[in-house]
Amino acid sequence: MTQRLHIVGGGMAGSEAAWQAAEAGIPVVIHEMRPKVETFAHRTGDLAEMVCSNSFRSDDHEQNAVGLLHWEMLQAGGLVMRQAYTHRLPAGGALAVDRDAFSAGVTQVLRDHPNVSVSDEEITELPEDGQWIFATGPLTSSALGAAIARETGADALAFFDAIAPIVYFDSIDMDVAWLQSRYDKGETEEERKAYINCPMTKPQYEAFIDALLAADKTAFHEGETAGYFDGCLPIEVMAERGRETLRHGPMKPIGLTNSHKPEEKAYAVVQLRRDNALGTLYNIVGFQTKMKYGAQTEVFRMIPGLENAKFARLGGIHRNTFLNSPTLLDAQMRLRSKPNIRFAGQITGVEGYVESSAMGLAAGRMAAAEILGRPLPEIPQDTAHGALIHHITGGAEAKTFQPMNVNFGLFRPVDGLKGGRRGRKDRYKAYTDRAKAEWTGWLATQEVPA
């Protein structure tokens, strides 16, 4: 008898993983604690319940990385995407759905599948044997979270996630900003120029603090509490402690010399640190925030050099359980210390419905291939799925790892194409063309039905 695959969590990732494995002929048990054990965010016991927005974001598969992920999932027979299109609502270029009909549709398809069974048992420990996928998302139960922490080390999990914004490098004005590590620290030229620095005069700093304090902030959900760590306070909380706090914290100007105007001493400096190995993404150092998204773009574009900044991800702070995946997971998304266990979805450090579903798709296929004894070729890095997997299993900096949406900053450059805003349309089309060819080729190598 074929070995069973156990999937913990019936959200987007768990549902997609179950579908992919079941379609490959693997008996699957979905362990979903709802509605027996409730969370503050969920309303039903349905699988793939949408607890936030009802949008899967852009559906443009030629100029948008999320749309490309839609396309790849459809080509792989993805259940989440099929149901999304079945229950689609008018939303311009976005893919939005009737959330209740969508979740009910996913639930019905999986419950009707002969290879799928659903259990409301709460899993509170990491099993020693059997094949498992944990796709419990940001609202992992406290008991299971504690078990994961015991296995991986407490510093491998964050239960309140303070997220700093990430900016596309090619949208930063380097005629204003300059590259330099504080005090020119580093043994190599690359290390000595590891940070991008944006200078502020005193009037610019004062205006920035005023805007920061006045900006709209998000409120926590009922039942959430915010225990901030001093090492990652939201910048507006620091500003509330005194107008000079930021200038003596993440915005301190000491040890930095403006290469454009060496004779001028900045009153404050905002630093950005490279966020991926490709150098296409930079995070704003120390700028965790709970400002609303619209306020963030307005306030952060007050920073000299970031007037035209494009954001790969905006900041935020909320309860979130996620692994430091680059240190804990192998390329097959298995826990290094317990290779019978895979992780998928938001708990791996991806953000969003689409990304979570995609990681479920990958984990489901990987687990099915292992159970069947059929070697599964590595997912090509130049696909949207591959770019995400590469990022969470080694491409990201482990010390600063935070949840990430799919975006073209994760993709390797295409030779011969110019950077910058003017070349963006051709560059994005080249990314998607390359990804589609690679994804189609990868699917063709497998016996699993697509």
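1. How many bridges join strand β7 to β17, and do the two strands run parallel or antiparallel? In this predicted model, strand β7, which covers residues 131-134, is joined to β17 by 3 bridges, and the two run parallel. Within that pairing, Ile133 has Arg342 of β17 as its bridge partner.

2. Strand β17 also pairs with β16, a strand formed by residues 334-335, although here the sense is antiparallel and the pairing extends over 2 bridges. The connection between β16 and β17 is a hairpin that passes through 2 residues. Arg342 appears again in this pairing, since Arg334 stands opposite Arg342 in β17; Arg342 is thus named as a partner both of Ile133 and of Arg334. As for its surroundings, β17 spans residues 338-343 and is mostly covered, with 5 of its 6 residues buried.

3. A separate point concerns an open sheet of 3 strands, whose order is β3-β5-β4 and whose pairing is antiparallel. Its edge strands are β3, at residues 55-58, and β4, at residues 88-89, each of which pairs on one side only. The link between β4 and β5, the latter formed by residues 94-97, consists of 2 bridges between strands that run antiparallel, and in this part of the sheet Leu89 has Ala96 of β5 as its bridge partner.

4. Glu244 deserves a paragraph of its own. Glu244 is placed in the loop that lies between α8, residues 235-240, and β12, residues 268-274. Its relative accessible area is 28%, and because this value falls between the limits of 20% and 50%, Glu244 counts as partly exposed. Once the neighbours within four places in sequence are left aside, Glu244 is in contact with Tyr205, Glu206 and Tyr267. With Tyr267 there is, in addition, a polar contact between the two side chains, at 3.3 Å. The separation between Glu244 and Ala268 is 24 residues in sequence and 9.9 Å in space, taken from C-alpha to C-alpha.

5. For the protein overall, the model contains 13 helices and 17 strands, and buried residues account for 56% of its 450 residues. Of the contacts between residues at least 6 apart in sequence, 70% join residues that are at least 24 apart. The exposed area comes to about 18900 Å², of which carbon and sulfur atoms supply 50%.

Notes:
Residues numbered from 1 in each chain as written. Predicted model: local features only at pLDDT ≥ 70, side-chain atom pairs only at ≥ 80, totals over all residues. Heavy atoms only, no water. Helix = DSSP H or I, 4+ residues; strand = E, 2+ residues; numbered from the N terminus. Buried < 20%, exposed > 50% of the residue type's maximum accessible area, 1.4 Å probe, protein only. Contact = heavy atoms within 4.5 Å. Areas by Shrake-Rupley, 256 points an atom, 1.4 Å probe, with all protein chains shown as cover. Polar contact = N/O pair within 3.5 Å; in protein donor to acceptor, adjacent residues only side chain to side chain. Pairing = 2+ DSSP bridges.
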